[in-house]
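Me: Could you take a close look at the salt bridges in this model for me? I'd like to know which side chains pair up and how exposed they are.

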Amino acid sequence: MTAALVRSLSRLARTAAHPAAPACPACGSADETLADRPDGTVVRHGDAVAKAHAPGTEAGPHAVRLAVAGHPALAGVLLAPLPERATGPAGRPLSAWPYGRPVDPADPEAAPWEQAAVLLARMHRVDPGVLPGPLPPMRGPLKLAAALARMEREAGGHPAAAEVRRAWRGLPGTVRGAGGRAPVPAALCHGDLHLGQLVRHPAPDGPWVLIDVDDLGLGDPAWDLARPAAWFAAGLLAPDVWLRFLGAYTDAGGPAVPDPADPWRTLDAPARALTVQTAALALARAAAAGREPDEVERAVLDACTRIGTLAPELERGAPS
């Protein structure tokens, strides 16, 4: 994160927080950096936050995604952006948003799994034809390929990398971005669902809504359920939590699971893909930190090994 980028984000956040007033209670203290990653930096000022989107963000699809987030069809599902926009250093697009209170990582029992499932179901049921367009594709499969490329650059020599490659080669082309048709009609998808993508708005106790539209687009809605499905299969998500999440999604009419009695018919391939993606990133991050994978990362890598050793006739079955 550069000082110039922080200054640009602070200016935008302050403008968005009080466009008609010269000051607010937050003006007496430094602005807060909520996130600082290569693909996104977020700075808060009072009731507003400003986000620097990833370098190389395409202007056209980005504008459509912001317009979709503010469309009435997604009211109560996606947090709507504020009107203020800017361009940061190196041409990075900057956007402004209301502040929402995130999920508390210290209180896992209060994690809003059912609420997340209902929000996904509502999003997946929106008619894409009523939304601003042209809608870009959901970026999930592209992120999978990027994770593999990062692993090769930063941890390609690690012994576990071979197992990740093996699991990658066994994935269907539909989830590797290699063509093929989605198992259900394309729906509006979030593209990067995890608990960090939910906030309460208005803060602190408003209803839960989804945030971060950088990967939003048309695609297979099963992809949005793939991360919790992968965590369940790897033993990182308790069975009762998974069943509550899945039940809330199907009860809300979510189209990604047309047969609740056999959810893995549509979830198995995307869940395997997210396992491979998570394992590749785990190796890259561990290598960047100069350490071996930790216990959680090891569990994902072990799940990746199981995926790579499945016989072809078991490819579409129970969770790996």
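Reply: Happy to, here is a walk through the salt bridges, pair by pair. This is a predicted model, in which local features need pLDDT (the predictor's confidence in each residue, from 0 to 100) of at least 70 and side-chain atom pairs count only at pLDDT 80 or more, while totals for chains, interfaces and linings use all residues. Residues are numbered from 1 along each chain as its sequence is written, and side-chain values use heavy atoms, leaving out hydrogens and water. The protein averages a pLDDT of 89.

Side chains of opposite charge can pair when their charged atoms come close. Counting a salt bridge as a side-chain nitrogen of Lys or Arg within 4 Å of a carboxyl oxygen of Asp or Glu, the total is 17.

One of them joins Arg150 to Glu154, at 3.3 Å from N to O. These two sit 4 residues apart in helix 4 (residues 140-155), so about one helical turn separates them; helices here are DSSP runs of H or I, at least four residues, numbered from the N terminus. Arg150 is partly exposed at 24% relative accessible area, and Glu154 is partly exposed at 36%. Here buried means under 20%, exposed over 50%, and partly exposed in between, with a 1.4 Å probe and protein chains only.

Helix 7 (residues 239-251) holds Asp240 and Arg244, also 4 residues apart. Their closest N and O atoms are 3.4 Å apart.

Finally, a network of salt bridges links Arg139, Lys143, Asp192, Asp215 and Arg227. Arg227 is among the buried residues of helix 6.
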